[in-house]
Amino acid sequence: MPTITPTELAERLGSGLLSFPVTHFTPDLAFDEPAYRENIVRMGQYEIAGLFAAGGTGEFFSLTPQEVGTVLRAAVDSAPEGTPILAPAGHGTAQAVAMARDAEAAGADGLLLFPPYLTEASAEGLTAHVRAVCESTSLGVVLYSRANAVYTSETVATLADTCPNLIGIKDGVGDLERITQIHSRLGDRLVYVGGLPTAETFALPYLELGATTYSSAIFNFLPEFALTFYKAVRARDRKKVRRLLDDVVLPYTAIRDRKAGYAVSIVKAGMDLTGHPAGPVRPPLTDLDDSERELLAGVIRASRTAIA
């Protein structure tokens, strides 16, 4: 049984900043477990409300199910006491159920349910998919709404009524009207998580819609900046948020947007540039080139000046 109830987990997640640790690889693309464990310890020393192991920034899509279990157990074993660790579940329904059960056996505190692999699905099919996963575990489950699994307010309301351990929804689409509809219908029944790449860009408008938290990829390599930004958002210090966006976040996203998949690659480059190397990304992703790394180094320098 998890050490934290779904309700307690929802409260914890909504109270602070979230992050998705990168997954460390050796030069030959094997999982570098010692380096990963060391990084989880480092990240857990900051004021973080939850870490999502082997998530999108952790290259879930390139890990085998066995590797997901290994990465998850390394995170659970290494995280400081009191730092919630959420596990991924995804692919087809049967595989997602198997991952959910393994996550609970591994001691995870919650689950992030990724969209089903590849195929499109109706609202009825998505409902059956989510319900099967929720029923397979006592862990709190957060839906990841993006790609081929964008949940309507009607679907989310149905699932919230029938799945007591459904605790949240992470939005990876940026459809503010849809989030407004869901929040209007369900209120504080769920925790709402901003989940777009570089979620800082949407943090203020999401806060107005009831999303008190978001997942920060930047936290991996600029934790002090990420926390400063989050605190400015929660304080609704619009002037400071705008300055940090202009000086750091928007130049960062300009590099990220240079190539598909760079939302992950740029984080690993940032890890390396700040003295916390995590190895290369796995194909089909590609690493930043030297000129892009130089641009990112400038953003990192600007971040330090911005919060000085």
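Contact here means heavy atoms within 4.5 Å. The model is predicted.

**Exercise 1. Describe the surroundings of leucine 296 in the nonpolar core.**

Step 1. Start with the core. The largest nonpolar core has 107 residues. Phe229 and Leu296 are the residues with the most contacts inside it.

Step 2. List the partners of leucine 296, leaving aside neighbours within four places in sequence. They are Tyr252, Ile255, Ile266, Ala269, Gly270, Leu273 and Leu288.

Step 3. Place leucine 296. Helix α12 covers residues 290–306, and helix α11 covers residues 262–273. Use these ranges to find the partners on the model.

**Exercise 2. Decide whether leucine 244 is buried or exposed, and find what surrounds it.**

Step 1. Locate the residue. Leucine 244 sits in helix α10, residues 238–256.

Step 2. Check accessibility. The relative accessibility of leucine 244 is 0%, so it counts as buried.

Step 3. Look at the partners. Beyond four places in sequence, leucine 244 touches Phe225, Thr228, Phe229, Val249, Ala306 and Ile307. One of these, Phe229, is among the residues with the most contacts inside the largest nonpolar core.

Step 4. Add a distance. Arginine 234 is 10 residues away along the chain from leucine 244, and their C-alpha atoms are separated by 14 Å.

**Exercise 3. Work out how threonine 23 is held in its loop.**

Step 1. Find the loop. Threonine 23 lies between β1 (18–19) and α2 (33–44).

Step 2. Check burial. Threonine 23 has a relative accessible area of 0%, so it is buried.

Step 3. Look for a polar partner. A polar atom of the threonine 23 side chain lies 2.6 Å from the backbone oxygen of glycine 58.

Step 4. Read the wider contacts, again beyond four places in sequence. Threonine 23 is in contact with Phe31, Tyr36, Ala54, Thr57, Gly58, Glu59, Leu63, Val71, Lys268 and Ala278. Two of these names, Glu59 and Lys268, return in the next exercise.

**Exercise 4. Compare three salt bridges by their place in the chain and their burial.**

Step 1. Take the total. The structure holds 14 salt bridges.

Step 2. Examine glutamate 59 and lysine 268. Their side chains meet at 2.9 Å, N to O. Glutamate 59 is in the loop between β2 (50–52) and α3 (65–78), and lysine 268 is in helix α11, so the bridge ties together parts 209 residues apart in sequence. Glutamate 59 is buried at 0% relative accessible area. Lysine 268 is buried at 2%.

Step 3. Turn to aspartate 257 and arginine 256. The closest N and O atoms of this salt bridge are 2.7 Å apart. Aspartate 257 is exposed, at 51% relative accessible area. Arginine 256 counts as buried, at 15%.

Step 4. Move to aspartate 272 and arginine 293. This salt bridge spans 2.7 Å, N to O. Aspartate 272 belongs to helix α11 and arginine 293 to helix α12, so the pair ties together parts 21 residues apart in sequence. Aspartate 272 is partly exposed at 36%. Arginine 293 is partly exposed too, at 24%.

Step 5. Look for shared partners. Glu33, Arg37 and Asp77 are joined into one network by salt bridges that share partners.

**Exercise 5. Test whether cysteine 134 and cysteine 163 form a disulfide.**

Step 1. Recall the cut-off. A disulfide needs two cysteine sulfur atoms within 2.5 Å.

Step 2. Apply the rule. The count comes to 0 disulfides. For cysteine 134, the nearest cysteine sulfur is that of cysteine 163, 4.1 Å away. The reverse also holds: the sulfur nearest to cysteine 163 is that of cysteine 134. Neither residue is in a disulfide.

Step 3. Check burial. Cysteine 134 counts as buried at 3% relative accessibility, and cysteine 163 at 1%.

**Exercise 6. Judge the overall fold from its totals.**

Step 1. Count the elements. The chain has 12 helices and 8 strands.

Step 2. Compare the radius of gyration with the globule rule. A compact globule of 308 residues would have a radius near 19 Å, and the chain has 18 Å, so the two agree.

Step 3. Add the dimensions. The C-alpha atoms fill a box of roughly 50 × 45 × 35 Å along the principal axes.

Step 4. Check the interior. Of the 308 residues, 55% count as buried.

Step 5. Ask how far contacts reach in sequence. Among contacts with a separation of 6 or more, 72% join residues 24 or more positions apart.

Technical notes:
Residues are numbered from 1 along each chain as its sequence is written. This is a predicted model: local features need pLDDT of at least 70, side-chain atom pairs count only at pLDDT 80 or more; totals for chains, interfaces and linings use all residues. Side-chain values use heavy atoms; hydrogens and water are left out. Helices (H or I, at least four residues) and strands (E, at least two) are DSSP runs, numbered from the N terminus. Buried means under 20% relative accessible area, exposed over 50%, partly exposed in between (1.4 Å probe, protein chains only). A polar contact is a pair of N or O atoms within 3.5 Å; within protein, one must be able to donate a hydrogen and the other to accept it, and residues adjacent in sequence count only if both atoms are side-chain atoms. A salt bridge is a side-chain nitrogen of Lys or Arg within 4 Å of a carboxyl oxygen of Asp or Glu. A nonpolar core is a set of buried Ala, Val, Leu, Ile, Met, Phe, Trp, Tyr and Cys residues joined through side-chain atoms within 4.5 Å. The radius of gyration is taken over C-alpha atoms; the globule rule is 2.2 Å times the number of residues to the power 0.38.
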